[in-house]
Each structure stands twice: as C-alpha cells, then as structure tokens.
Amino acid sequence: MENGAAPTAPAVIVAIDGPSGTGKSSTSKAVAAQLGLSYLDTGAQYRAITWWMVNNGIDTGDPHAVAAAAGKPEILSGTDPAGPAITVDGVDVAGPIRTQEVTSKVSAVSAVPEVRTRITELQRTIAAAAPHGIVVEGRDIGTTVLPDADLKIFLTASAEARAARRSGELKGADVNVTREALIKRDAADSSRKASPLAKADDAVEVDTTDLTLAQVIECVVTLVEEKRAGK
Ligand SMILES: Nc1ncnc2c1ncn2[C@@H]1O[C@H](COP(=O)(O)OP(=O)(O)OP(=O)(O)O)[C@@H](O)[C@H]1O
Ligand SMILES: Nc1ccn([C@H]2C[C@H](O)[C@@H](COP(=O)(O)O)O2)c(=O)n1
C-alpha cells in the first residue's frame with residue numbers, strides 16, 4: 001500500500017437461510033464477529049412486528065387487519081453481533097419477542113404480503129449501509145431479500161437434532177412437543193405464497209445434524225474467506 005495502511009477486505013454480503021433450529025443465529029453471529037461484519041436477525045424483525053400486533057389488539061389471524069396495521073410500528077434493528085438490539089416504537093423488545101405467544105403467531109403475521117414488503121425494505125436498507133459487509137439470516141434472504149448476495153448458505157438439520165437443541169434451551173420442554181411445533185412452523189413458513197422459506201439455487205447447503213456449532217462456524221468462515229479470495 002502506498003500510504004502504508006493495511007489493505008481492507010472488500011465488503012461482503014452473506015445470506016444464511018434455513019428452517020428453525022438449524023443454527024442460523026448462533027452461526028451468523030459468530031461468523032460476523034470473527035470477520036468484523038455486521039449482523040442482522042430478520043426473524044427478530046418479524047417477531048417484533050408480531051409482538052406489536054399482539055400488544056395493539058390486532059387479530060393476527062386476520063390478514064386484512066394485519067395488512068392495514070403493517071406500516072404503523074417503527075422497528076429498529078441493531079447490527080452488532082455481540083448484542084443485536086431490537087426496538088419497536090422505542091421499546092426494547094429483545095426479550096418479549098421470544099415468548100411462546102409470539103412464536104405461535106409469527107408465521108401468520110409474516111405470511112402477509114404487506115408485512116413482508118415493509119420488512120424487506122428495512123432489511124435491504126440495513127444491508128446496504130453496513131460498512132464492511134453483513135451476515136443476514138432468515139428464511140428468504142438468498143431468494144428474495146438479497147438475491148445478489150456474495151455468498152448464500154442454506155443450513156439444514158434433522159427435526160430430531162433441532163428439537164433436541166431447542167429442548168436444551170427451553171429447560172424442561174418435552175422434546176416431542178418441541179419437534180412437532182418446529183415442524184408445524186417450518187411447514188407454514190415453507191408453504192406461504194409470499195416469499196416462502198426456500199433454498200436459493202446458488203446456495204451452498206450445509207447439513208448441521210452431525211456437526212458441532214464450532215464446526216459449522218468454521219465451515220462458513222472458510223466459505224466467506226474463499227469467496228473474498230475470489231476462489
Ligand atoms: N451444530 C450445532 N450443534 C449443537 N447445537 C447447536 C448447533 N447449532 C446451533 N445449536 C444450538 O441450537 C439452538 C438453536 O440454534 P439457533 O438459535 O442458532 O438456530 P436458528 O436456526 O437461528 O433458529 P430459529 O430460526 O428458530 O431462530 C441454540 O441453542 C444453539 O446453541
Ligand atoms: N426472513 C425471514 C425470517 C423470519 N421469518 C418468519 C418465519 C419464522 O417462523 C419467524 C421467526 O423467525 P426465527 O426467529 O425463528 O428465525 O419469522 C420470515 O418469514 N422470513
């Protein structure tokens with residue numbers, strides 16, 4: 001370098017999609033932190049708008065009511081992988097969006113096209129503003145939100161492995177009940193008309209069933225580094 005400064009790596013956009021419990025959040029946060037990238041949890045945004053609907057008495061089973069209210073809440077997402085903040089109308093909702101009530105209603109709310117248009121716009125704005133690049137995780141990032149992402153990963157794992165992981169988090173939860181709930185949510189997310197959960201044709205599929213989290217992180221870091229090196 002002429003001025004002696006270290007060369008900076010070009011910004012890189014990484015899309016990580018997959019069903020629930022495949023390790024998207026854990027992997028994306030760690031990869032972003034390791035590579036100095038921003039991080040966006042798009043599921044948290046759909047959870048946040050669902051939380052707002054519930055708190056404002058909107059019938060989440062009524063797509064017309066959800067569509068009419070979709071533009072009202074102001075959702076702000078932080079992109080620090082060490083502490084990804086999320087607020088709705090200035091209220092910190094990082095905890096409340098993880099309740100069972102929100103989890104059971106988020107698929108219906110996120111299937112409403114007006115909701116997806118609104119949230120997709122937010123996601124694209126955030127990704128475009130990331131100074132060194134970003135890891136964006138969700139269900140339709142590689143197919144719809146960022147179809148020109150530099151690298152697309154689609155994580156999978158058996159329903160049994162995913163249920164065991166989730167049951168480990170939700171102390172005392174019955175693994176069979178957890179498994180059925182995961183399968184039901186994935187079916188709803190995959191079968192909706194608007195931008196369903198799907199693998200992009202050019203995504204690299206990584207089956208995490210028999211991999212440790214550390215192995216998955218290492219695999220994705222290597223794929224990003226290879227992409228950056230132009231391989
Ligand atoms: N390869 C792995 N091996 C063992 N446990 C894992 C692995 N990957 C993730 N986990 C654990 O599984 C749980 C779910 O992971 P995570 O939240 O990252 O999944 P997710 O795909 O983002 O799920 P969701 O879409 O529901 O948010 C976490 O407790 C995480 O630590
Ligand atoms: N890009 C996305 C991300 C998430 N959703 C919906 C569907 C999920 O069931 C829900 C919650 O996501 P999670 O926090 O479990 O990752 O949000 C979506 O439709 N599109």
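These legends go with close-up views of a predicted model.

**View 1. Ligand 1 and the residues around it.** Here we're looking at ligand 1 in its shell of 17 residues, and the ones that come closest are Ser-20, Lys-24, Ser-26, Arg-166 and Glu-169. Sorted by class, that shell is made of 7 polar, 6 charged and 4 nonpolar residues. Three helices each put at least two residues into the shell: helix 1 (24–35), helix 7 (159–169) and helix 9 (213–228).

**View 2. Polar contacts of ligand 1.** Start with Gly-23, where a backbone N or O atom sits 3.0 Å from an oxygen atom of ligand 1. Then move to Arg-165, which has a side-chain N or O atom 3.5 Å from a nitrogen atom of the ligand. Leu-213 joins in through its backbone, with a polar atom there 3.4 Å from a nitrogen atom of ligand 1. On its own, ligand 1 has 630 Å² of accessible area, and the protein covers 80% of it.

**View 3. Ligand 2 and the residues around it.** Ligand 2 has 16 residues around it, and the nearest are Arg-47, Arg-116, Asp-140, Arg-185 and Asp-189. There are 8 charged residues in this shell, along with 5 polar and 3 nonpolar ones.

**View 4. Polar contacts and burial of ligand 2.** Two arginines reach oxygen atoms of this ligand: Arg-116 has a polar side-chain atom 2.8 Å from an oxygen, and Arg-192 likewise places a polar side-chain atom 2.8 Å from an oxygen. Asp-140 deals with a nitrogen instead, with an N or O atom of its side chain 2.8 Å from a nitrogen atom of ligand 2. The protein buries 97% of the 450 Å² that ligand 2 exposes when taken alone. As for who builds the shell, helix 2 (42–55), helix 4 (100–110) and helix 8 (175–191) are the elements that give two or more residues. Helix 2 gives the most, with 4 residues.

**View 5. The cavity and its lining.** Searching the whole structure turns up 1 cavity of 30 Å³ or more. The volume of the largest cavity is about 30 Å³. Its lining takes in Ala-15 and Asp-17, then Gly-142, then Lys-152, Ile-153 and Phe-154, and finally Ala-198, Lys-199, Ala-200 and Ala-203. Strand 1 (12–17) and strand 7 (151–156) are the elements that hand over two or more of the lining residues, and strand 7 gives the most, with 3. By class, the lining of this cavity splits into 6 nonpolar, 3 charged and 1 polar residue.

**View 6. A three-stranded sheet.** This close-up shows an open sheet of 3 strands, in the order 3-4-5 and with antiparallel pairing. At the edges are strand 3 (75–77) and strand 5 (91–92), each of which pairs on one side only. Zoom in on strand 4 (residues 86–88) and strand 5, and you'll find 2 bridges joining this antiparallel pair. One residue match to look for is Thr-87, whose bridge partner in strand 5 is Asp-92.

Definitions and conventions: Residues numbered from 1 in each chain as written. Chains lettered and ligands numbered in written order. Predicted model: local features only at pLDDT ≥ 70, side-chain atom pairs only at ≥ 80, totals over all residues. Heavy atoms only, no water. Near = heavy atom within 4 Å. Polar contact = N/O pair within 3.5 Å; in protein donor to acceptor, adjacent residues only side chain to side chain. Areas by Shrake-Rupley, 256 points an atom, 1.4 Å probe, with all protein chains shown as cover. Nonpolar A, V, L, I, M, F, W, Y, C, P; charged D, E, K, R; others polar. 1 Å grid on protein atoms, 1.4 Å probe; cavity = no way out; pocket = protein on both sides within 12 Å on 5 of 7 lines; lining within 4 Å. Points joined across faces, edges and corners; volume = space filled by probe spheres on them. Pairing = 2+ DSSP bridges.
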